[in-house]
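Colleague: I am new to this one, and I would like to learn how to read it. Could you walk me through it step by step?

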Amino acid sequence: MNKLVLPKKKYKGIKIYCRICKVDNPKCNHFESFTYRVRVHIPGTLKSVKSKILNSKIYSDAVIEAINFEKHLKTNNYQTIVVDSAEGNDYSVIDSIIKYNHYLNGESEYAQFKKSVTNEHRKELIRFCKYFAKTLKKNKNIELTRIKDVSRQDVSNFYSWADNHYSPKTFNKCLNGVKGFFDFLIDIEEVEMKNPFRKYSRKQISKANIDSVTREEFTKILEAVDTYSPFVILGGRGERKNMFKPYLKDGFKLFLLTGGRREEIVDLRWSDIYEAVSGVKFFRIQNLKVERSRNIDGLYKYIPINSDLFDLLMEMGYHDKKQTDDYILVPERKVQSKTIMDSLSKSFTHYKNGAGIKKEISLKSLRKTYITWVHQVMQKETGLLTSHSTAKVLEAYYIDPQILSVVEKGAVEIKIFGEDSSL
């Protein structure tokens with residue numbers, strides 16, 4: 001665990017507190033027992049203070065707790081101390097959101113409630129909760145209003161706000177996210193209340209077109225990487241951004257020929273390549289999405305290496321790299337994986353436009369294209385490769401014979417864009 005620190009410009013009264021030594025700004029090594037504590041001086045006295053141990057170990061969140069504590073003291077003439085959340089659950093709106101953020105960040109004090117979600121998903125859910133709090137703030141003091149006092153009218157106001165700001169798909173996602181927030185308070189924190197979002201009208205979503213990419217379109221995009229201007233103008237200041245990266249073409253091909261999700265492809269390593277007794281090669285990688293949804297580790301997915309994918313790997317240095325733990329894409333990286341993911345997504349759209357393609361396709365369309373062509377060969381067995389509906393058979397720490405036979409068949413028969421599939 002990282003040692004807590006205080007920034008140079010810190011909120012007045014916040015200290016680092018050791019629960020073992022019982023002192024502020026400790027010099028001990030009990031890092032796991034460190035927390036933030038705020039001490040508020042009572043006006044008109046020399047040394048009288050009110051203090052509170054803060055829940056969050058994220059400094060910015062601790063500051064919010066400290067501000068709320070001080071406001072509560074002022075409102076009650078410094079007579080009532082806010083009950084620590086560890087001792088009760090009569091939370092204010094803003095304290096409830098902070099508590100939910102801790103939970104999503106895996107900071108639950110109870111082992112059975114440890115939650116594992118991506119940082120991006122956590123930020124999205126908290127963003128929806130903050131939007132809800134923002135609509136409440138128009139009529140209520142969210143620092144003092146108890147979460148259990150949220151009314152049907154409050155839900156109605158937020159419903160109207162979201163209806164004016166989101167497409168039907170994102171609208172449903174937002175409302176469901178806030179519903180999950182209240183489910184957490186009721187089921188995990190045991191706040192005695194009914195979920196105010198338990199019933200609401202979801203938006204009808206028209207069936208989206210599955211926009212796969214044709215061979216001609218993909219070829220044009222690759223050509224555009226070499227010929228189209230890489231620069232885009234940002235904002236009103238005329239700042240230029242270079243969309244070109246030397247790994248783009250290899251990255252696009254890896255997405256097309258593996259059908260993987262962004263985080264899977266960007267973090268592929270040469271050591272993820274295995275070989276069956278039959279000689280068929282395949283990738284075995286963690287099934288991150290299923291692991292997170294089921295909150296368990298040790299689930300895998302398998303990507304057959306067909307002739308086209310193997311040719312690409314050969315071009316990228318298969319013989320020299322095959323037994324190393326290097327990343328396949330951008331092996332000597334100096335940036336985070338998320339940065340590479342975003343660059344691939346934005347650059348694909350940039351060069352798609354540069355190729356003169358008007359169809360609404362994006363980087364994730366390459367995954368749709370892969371699955372479309374895989375289905376031509378695998379039919380009902382497609383799910384064993386894409387892991388859409390076969391979580392049970394992926395639970396083993398070894399290759400199930402059923403999966404192995406499908407992987408072998410896929411490696412031999414799958415051809416993206418059909419029989420003549422060379423890129």
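Colleague: Let me start with the strands. How many bridges join β8 to β9?

Modeller: There are 5 bridges between β8 and β9, and the two strands run antiparallel. Please keep in mind that this is a predicted model. As an example of the pairing, F282 stands opposite P304 in β9.

Colleague: What is the order of the strands in the open sheet?

Modeller: The order is β7-β8-β9, so to read it you look for which strands are edges, given that a pair needs at least two bridges. The edge strands, β7 (273–275) and β9 (300–304), each pair on one side only. Direction ignored, neighbouring strands of this sheet are turned by 35 degrees against each other on average. On the β7 side, 3 bridges join β7 to β8 (residues 281–286), again antiparallel, and E275 stands opposite K281 in β8.

Colleague: Is β9 open to the outside or enclosed by the rest of the structure?

Modeller: β9 is largely enclosed by the rest of the structure, because 5 of its 5 residues are buried. Its side chains go two ways: Y300, Y302 and P304 point one way, K301 and I303 the other way, and all are buried.

Colleague: Now the helices, please. What describes two packed helices?

Modeller: Two packed helices are described by the angle between their axes and the distance between the axes. Here, take helix α2 (residues 93–104) and helix α3 (residues 119–136): their axes come within 10 Å and cross at roughly 175 degrees. Angles over 145 degrees count as roughly antiparallel, which means α2 is roughly antiparallel to α3.

Colleague: Which residues of α2 and α3 meet?

Modeller: From α2 come V93, I97, Y100, N101 and L104, and they meet R122, L125, I126, C129, K130, A133 and L136 in α3. Sorted by class, this contact has 9 nonpolar, 1 polar and 2 charged residues.

Colleague: How many residues are in the largest nonpolar core?

Modeller: It has 43 residues, and those with the most contacts inside it are F252, F283, L313, L344 and L366. To see where a core comes from, list the elements that feed it: α6 (215–227), α7, α8 (262–266), β8, α10 (307–315), α12 (337–354) and α13 (364–378) each supply at least two residues. The largest share, 6 residues, comes from α7. Another core, of 34 residues, lies apart from it, and V93, L136, I147 and V155 are among its members.

Colleague: How many residues of helix α7 are buried?

Modeller: In α7 (residues 248–258), 9 of the 11 residues are buried, so to speak of it as mostly covered is fair. The buried residues include F252, L254 and L256. Beyond residues up to four places away in sequence, F252 touches F218, I221, L222, V225, L344, S347, F348, L363 and L366. Just after α7, G259 takes a positive phi of about 70 degrees.

Colleague: Is S343 buried or exposed?

Modeller: S343 is in helix α12, and with a relative accessible area of 14% it is buried, because the cut-off is under 20%. Leaving out residues up to four places away in sequence, S343 touches K245, Y247 and L248.

Colleague: And the overall picture?

Modeller: The protein has 15 helices and 9 strands. Of its 423 residues, 43% count as buried. Among contacts between residues at least 6 apart in sequence, 61% join residues at least 24 apart.

Notes
Residues numbered from 1 in each chain as written. Predicted model: local features only at pLDDT ≥ 70, side-chain atom pairs only at ≥ 80, totals over all residues. Heavy atoms only, no water. Axes fitted to C-alpha atoms, helices over the stretch in contact; angles between N-to-C directions. Helix = DSSP H or I, 4+ residues; strand = E, 2+ residues; numbered from the N terminus. Parallel < 35°, antiparallel > 145°, perpendicular 65-115°, else oblique. Contact = heavy atoms within 4.5 Å. Nonpolar A, V, L, I, M, F, W, Y, C, P; charged D, E, K, R; others polar. Buried < 20%, exposed > 50% of the residue type's maximum accessible area, 1.4 Å probe, protein only. Core = buried A, V, L, I, M, F, W, Y, C linked by side-chain atoms within 4.5 Å.
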